[in-house]
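Reader: I have a structure to go through for class. Can you help me read it?

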Amino acid sequence: MPKKRNIILLILFITWTVCYMDRMVMTVAIPYIAKDFNLTSVEMGVVISAFFLGYALFQIPGGMLADKFGARKVMAIAVSWWSAFTAFTGMATSLLSMLIIRFLFGLGEASFPGGSWKTVSTWFPKKERATANSFMLSSNSLGPAIAPLFVVGIMAAFSWRSVFYFLFIPGMIVVALILYFVRNKPEDSNMISPEELKIINEKDPEECSANKLSFRDVVKLPVVWKIFFTFFAFDIVFWGFSSWIPTYLVNARGFKLVKMGIIASLPFFAGTIGTVAGGYFSDKYFVGKRRFVIIISLISTALCLILTYITPNEALAMTFLTFTGFFVCMAFGGIWALPMNILPSEVMGSSSRLINFAGQIAGFISPIAIGFLVQMAGGSFGIAFAFLVVACLISTSIAFTIHEKKEVNINGKTN
């Protein structure tokens, strides 16, 4: 019998895909927006980072809203908000108006991820969560993979402003899906059979003990802060890579619009597979030692970044760029397998927000930092690539200290 909980997972996957398309079209359109608004490299970075400032500021409150009012309502409001501000982005008339719109865009979207993680934690038994979560988060690569193709198609026919207007429509479709299918608890859903509900609600002794933890207890756990800083350094890499690849291809490699759109998509199509692989390998082969998925992936990412930059051959450079996308997203799946299996579902919304807050601080810093480094280097991306490689190694070093089985005992206390 098909698992009805997979319908919920598919809706979350679609929602995240739209979320990342809305977020990532800016990184593809920014070289052309910069021409209209006469932006410098630093100002381009600031425009990209404005979203993350709002997103970071509301991360923890947004997660708490999901815990307090339920994931369904919070997710529906968040999607409606960001869809509206996606459309407003196309109406920007100056750098200042663009910054305000992107800041408010991020502020509203910040409530959604906590609701989605809480939904996975509630609708899936513990043994399936890392795999379910990695499938859901593979959308974080699929969205950026589709975004360049979407932007190229719309811009070729209309303009960069039209790109943002068109994205309002899928956002409203997603809101309807959430309201129709998703419930805060599987027992409130008419489509779940008693047999499947029993599987979903089955708890192991360790999880039952851990569920006594409050959010205040969770933030005292060293493992939470290890994941926090691992994710911070990781997202310096991910958002630096994601936000500047289209500009790198146009300015450093000399690609035209259509070619840039196709090549910029490849790392993220590969990353979609990589994210699923990270969660799958964590569940299948690295239970209790998930840090090794992260370590292997990030070392491979650093190597591919170096090869992408130093390789003069265009085809080889694009091959290494594609592998960079695969490995960086594989690390992403591995990192989020940790809290999904360590932290209790009752505090998953707020605790996942705390961890994701680290990533959004990085998302704010990284595009600006790379813009500054590129401008300082007179348009060269060499120092920027070195910056990303160092961040890979820092994230790897912190991940190495996470000994999953030793971090929390069955009483929910640190060892």
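Author: One term before we start: a residue counts as buried when its relative accessible area is under 20%, and as exposed when that is over 50%. Also, this is a predicted model.

Reader: OK. How many disulfides does the count come to?

Author: Zero. A disulfide needs two cysteine sulfur atoms within 2.5 Å. For Cys19, the nearest cysteine sulfur belongs to Cys329 and is 14 Å away.

Reader: And is Cys19 buried or exposed?

Author: Cys19 is buried, because its relative accessibility is 0%.

Reader: What about Cys392, which cysteine sulfur is nearest to that one?

Author: That of Cys304, 9.7 Å away, and Cys392 is in no disulfide either. Cys392 is also buried, with a relative accessible area of 0%.

Reader: Changing topic. What does helix H14 look like?

Author: H14 covers residues 222-252, which is 31 residues. From first C-alpha to last it reaches 42 Å, close to the expected 45 Å.

Reader: Where does H14 bend?

Author: At Trp244, by about 45°. A proline, Pro246, follows within four residues.

Reader: How many of the residues of H14 are buried?

Author: 23 of the 31, so the helix is mostly covered. Just after H14 comes Gly254, with a positive phi of about 75°.

Reader: Last topic, the largest nonpolar core. Which residues touch the most other members?

Author: Ile33, Phe234 and Leu249, out of 113 residues in that core. Helix H1, residues 5-37, supplies the largest share, 19 residues.

Reader: What is Ile33 in contact with?

Author: Setting aside neighbours within four places in sequence, Ile33 contacts Met26, Met98, Trp160 and Phe164.

Note on methods: Residues are numbered from 1 along each chain as its sequence is written. This is a predicted model: local features need pLDDT of at least 70, side-chain atom pairs count only at pLDDT 80 or more; totals for chains, interfaces and linings use all residues. Side-chain values use heavy atoms; hydrogens and water are left out. Buried means under 20% relative accessible area, exposed over 50%, partly exposed in between (1.4 Å probe, protein chains only). Helices (H or I, at least four residues) and strands (E, at least two) are DSSP runs, numbered from the N terminus. The expected span of a helix is 1.5 Å times one less than its number of residues. The bend at a residue is the angle between axes fitted to the seven residues ending there and the seven starting there. A nonpolar core is a set of buried Ala, Val, Leu, Ile, Met, Phe, Trp, Tyr and Cys residues joined through side-chain atoms within 4.5 Å. Contact means heavy atoms within 4.5 Å.
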